[in-house]
Amino acid sequence: MTAFLVVLVIILFGVAIWQMGKIFQLSKSKQDDTAQVANDKDNNINGWLMLGFTLFTYLLLAICFWKWGDVVLPRAASEHGPGIDSLMYVSMALIFVVGFFTLWLLGYFSFKYRGKEGTRAVFFADNDKLEFIWTIIPVIVLAGLIIYGLFTWTDIMNVDTEDDPMIVELYAYQFDWRARYGGEDNTLGEANVRLIEGVNTLGVDGSDPNAQDDIVVNELHLPLGRKVLFKMRSQDVLHSAYMPHFRAQMNCVPGMITQFAFTPTVTTAEMRLDEDVVAKVDKINGLRRAKNQNLGPDDEPLEPYTFDYLLLCNKICGNSHYNMQMKIVVETQEEYDAWIAEQATIAATLKQ
């Protein structure tokens with residue numbers, strides 16, 4: 001009750017101050033009605049400021065390209081990746097060109113046609129031809145981009161089962177990932193979150209015959225050149241399976257299964273030799289070496305960075321969202337076969 005009264009007193013005090021301010025305002029002598037009307041000096045200042053803002057924006061844009069132009073992703077490591085990159089480059093080029101000229105026209109016209117005493121602006125109530133032009137051009141451009149994007153998306157999402165894609169489940173939970181392979185039969189067994197208990201962290205139905213040869217791992221291995229169909233589940237909240245180097249992303253929704261497929265085209269070893277990746281790794285390790293030189297006696301030094309493909313969560317899913325990631329290894333079919341042969345099946349795990 002005391003806190004309520006204090007807040008009420010503060011509010012009433014503020015209202016009283018406001019009312020007193022209005023009284024003082026009314027008691028002042030009448031001022032010139034043209035005091036708030038912009039004069040030539042004001043118009044000149046604002047005109048030059050608009051032109052200066054335009055030039056400053058161009059300068060800032062050039063600095064950003066020069067300083068951070070190398071932080072873009074390296075070449076795509078999936079079969080559909082170049083199509084995604086082309087769509088992005090076309091969209092960004094159009095946005096850049098339109099934004100560049102629109103900003104210049106806005107700043108230049110604000111400067112050139114700034115107000116001048118004794119000069120009246122020419123006003124057109126309407127112009128059907130001009131309105132048609134500035135309406136139809138954006139409609140055509142946007143329709144083209146949308147159709148281009150729809151065809152690109154359809155090509156990616158239409159999975160041909162005749163390709164016999166490898167089935168892998170991506171299981172998301174706060175704050176980690178697990179992957180489940182379909183085993184020799186390439187078929188995932190039934191699973192339900194209600195069956196999660198002990199070592200059965202994914203809720204796999206141990207009585208399902210298709211689940212006996214399933215393999216659960218915390219590091220994702222993919223064979224080069226084989227299409228992989230990912231089935232995605234979430235245990236708790238909305239997550240998003242994001243694999244940036246493969247230009248792949250799909251939400252993991254509690255209570256339902258989503259899917260996404262792609263074919264890896266570049267092994268981890270090959271990507272580590274890519275010129276852009278080598279330059280990024282050298283830059284990161286240079287920053288780490290510099291930071292290690294300034295560590296205190298109790299600080300742990302940073303280890304050298306080595307490039308790896310990663311599966312990330314692209315939804316803010318909680319306090320440790322930033323650390324929700326899983327390593328992805330793309331390797332030859334022979335290397336993949338050797339690795340998968342060493343992994344324990346669900347049947348063997350549940351017997352332990």
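In the predicted model, the cysteine sulfur closest to that of Cys 317 belongs to Cys 313, and the separation of 3.8 Å is too far for a bond. The cut-off applied to a pair of cysteine sulfur atoms is 2.5 Å, so the contact between Cys 317 and Cys 313 does not qualify as a disulfide. Cys 317 is buried, its relative accessible area being 7%. Cys 64, by comparison, has a relative accessible area of 32% and is partly exposed. A disulfide is a covalent bond between the sulfur atoms of two cysteines. Zero disulfides were found when the whole structure was searched.

Five strands form an open sheet with mixed pairing, arranged in the order β4-β10-β9-β6-β7. The edge positions are taken by β4 (220-223) and β7 (248-252). Each of these two strands has a single partner strand, so one side of each is left without a neighbour in the sheet. Averaged over the sheet and with direction ignored, neighbouring strands are turned by 25 degrees against each other.

Strands of a sheet pair through backbone hydrogen bonds, in either a parallel or an antiparallel arrangement. The pairing of β6 (residues 239-243) with β7 is antiparallel and extends over five bridges. Within this pairing, His 239 has Cys 252 of β7 as its bridge partner.

Helix α7, comprising residues 333-341, lies across two strands of the model, β4 and β10 (325-331). The angle at which helix α7 runs to β4 is about 140 degrees. The edge strand β4 is thus crossed by helix α7.

How values were computed. Residues are numbered from 1 along each chain as its sequence is written. This is a predicted model: local features need pLDDT of at least 70, side-chain atom pairs count only at pLDDT 80 or more; totals for chains, interfaces and linings use all residues. Side-chain values use heavy atoms; hydrogens and water are left out. Two strands pair if DSSP finds at least two bridges between them. Helices (H or I, at least four residues) and strands (E, at least two) are DSSP runs, numbered from the N terminus. Axes are lines fitted to C-alpha atoms, for helices over the stretch in contact, and angles run from 0 to 180 degrees between N-to-C directions. Contact means heavy atoms within 4.5 Å. Buried means under 20% relative accessible area, exposed over 50%, partly exposed in between (1.4 Å probe, protein chains only).
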